[in-house]
Amino acid sequence: QLACPLDLGCHSVARRKQMQFVATRRLFATTVQKWPVPEGVSVGDFLTKIGKETDKITSKVESFDELMTISSRKLKDYGLTIQQRRHLLKWVENYKQGVNPMNFRKCR
């Protein structure tokens, strides 16, 4: 059975409004969320704190926003090992979820 477009009148008025609301929510759900840049913390401080010698790419990453959106391929091009890339990307995702590495002791 084919899905009925909203303008054919096959659905009740309440159902059409609900479908429009869901479509609008999906449209706005795809917007990019910004994460807070830690105050007084540079990219170098962040990389030093998470450890695993990830701080050797400090000179190659220009901003905190670039660090939060960096790809594994780019990290490989910068010379990080797979373990370092996994560790760094794990901490980037943790930070996006609200875990601040500055609140923990330095990783090895």
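**Figure 1. Overview of the predicted chain.** The chain holds five helices and zero strands. Read from the N terminus, its elements follow the order α-α-α-α-α. The model is predicted, and the chain has an average pLDDT of 76, with 64% of the residues scoring at least 70. Among the elements, helix H1 (residues 13-29) has the lowest mean pLDDT, 58, whereas H4 has the highest, 93. Where pLDDT is low, the predicted coordinates should not be read in detail. Of the 108 residues of the chain, 25% are classed as buried. The chain exposes about 8000 Å², of which carbon and sulfur atoms supply 52%. When contacts between residues at least 6 apart in sequence are considered, 53% of them join residues at least 24 apart.

**Figure 2. Helix H5 and its buried side.** Helix H5 spans residues 82-96 and contains 15 residues. From its first C-alpha to its last, H5 reaches 21 Å, close to the 21 Å expected at 1.5 Å a residue. The buried residues in H5 are Gln-84, Arg-85, His-87, Leu-88, Trp-91, Val-92 and Tyr-95. They lie on the same side of H5 because they cover an arc of only 165° around the axis. An α-helix has 3.6 residues a turn, so residues three or four places apart point the same way. Gln-83 and Arg-86 are exposed and sit on the face of H5 turned away from its buried side. After H5 comes Gly-98, which has a positive phi near 110°.

**Figure 3. Packing partners of helix H5.** The buried residues of H5 pack against three helices, namely H2 (43-50), H3 (64-68) and H4 (72-77). A view centred on Leu-88 shows one residue of this buried set. Leaving aside residues up to four places away in sequence, Leu-88 touches Leu-47, Ile-50, Thr-54, Ile-57, Leu-67, Leu-75 and Leu-80.

**Figure 4. Helix H2 and its buried side.** Val-43, Gly-44, Phe-46, Leu-47 and Ile-50 are the buried residues in H2. Their directions cover an arc of only 160° around the axis, which puts them on the same side of H2. The buried residues of H2 pack against H3 and H5. Lys-49 also belongs to helix H2. With a relative accessible area of 21%, Lys-49 is partly exposed. The C-alpha atom of Lys-49 is separated by 9.6 Å from that of Asn-103, although the two residues are 54 residues apart along the chain. Just after H2, Gly-51 adopts a positive phi of about 80°.

**Figure 5. The largest nonpolar core.** This core comprises 18 residues. Those with the most contacts inside the core are Phe-46, Leu-47, Ile-57, Phe-64, Leu-67, Met-68 and Leu-88. H2, H3 and H5 are the elements that give two or more residues to the core. Of the residues with the most contacts, Phe-46 and Leu-47 are also among the buried residues of H2, and Leu-88 is one of the buried residues of H5. Contacts of Leu-88 within this set include those with Leu-47, Ile-57 and Leu-67.

**Figure 6. Thr-54 in the loop between H2 and H3.** Thr-54 is located in the loop between H2 and H3. Its relative accessible area is 0%, so Thr-54 is classed as buried. Residues up to four places away in sequence are not counted in the following contacts: Thr-54 touches Leu-47, Leu-80, Gln-84 and Leu-88. Of these partners, Leu-47 is a buried residue of H2, while Gln-84 and Leu-88 are buried residues of H5.

**Figure 7. Positive phi values at Lys-52 and Glu-53.** Most residues other than glycine have a negative phi, and most peptide bonds are trans. Lys-52 is not a glycine, yet its phi is positive, at about 60°. Lys-52 occupies a place in the loop between H2 and H3. A relative accessibility of 40% makes Lys-52 partly exposed. Glu-53, likewise a residue other than glycine, has a positive phi near 55°. Glu-53 is also found in the loop between H2 and H3. The relative accessible area of Glu-53 is 58%, and this residue is therefore exposed.

Conventions: Residues numbered from 1 in each chain as written. Predicted model: local features only at pLDDT ≥ 70, side-chain atom pairs only at ≥ 80, totals over all residues. Heavy atoms only, no water. Helix = DSSP H or I, 4+ residues; strand = E, 2+ residues; numbered from the N terminus. Expected span 1.5 Å × (residues − 1). Buried < 20%, exposed > 50% of the residue type's maximum accessible area, 1.4 Å probe, protein only. Arc of directions from axis to C-beta. Contact = heavy atoms within 4.5 Å. Core = buried A, V, L, I, M, F, W, Y, C linked by side-chain atoms within 4.5 Å. Areas by Shrake-Rupley, 256 points an atom, 1.4 Å probe, with all protein chains shown as cover. pLDDT = per-residue confidence, 0-100.
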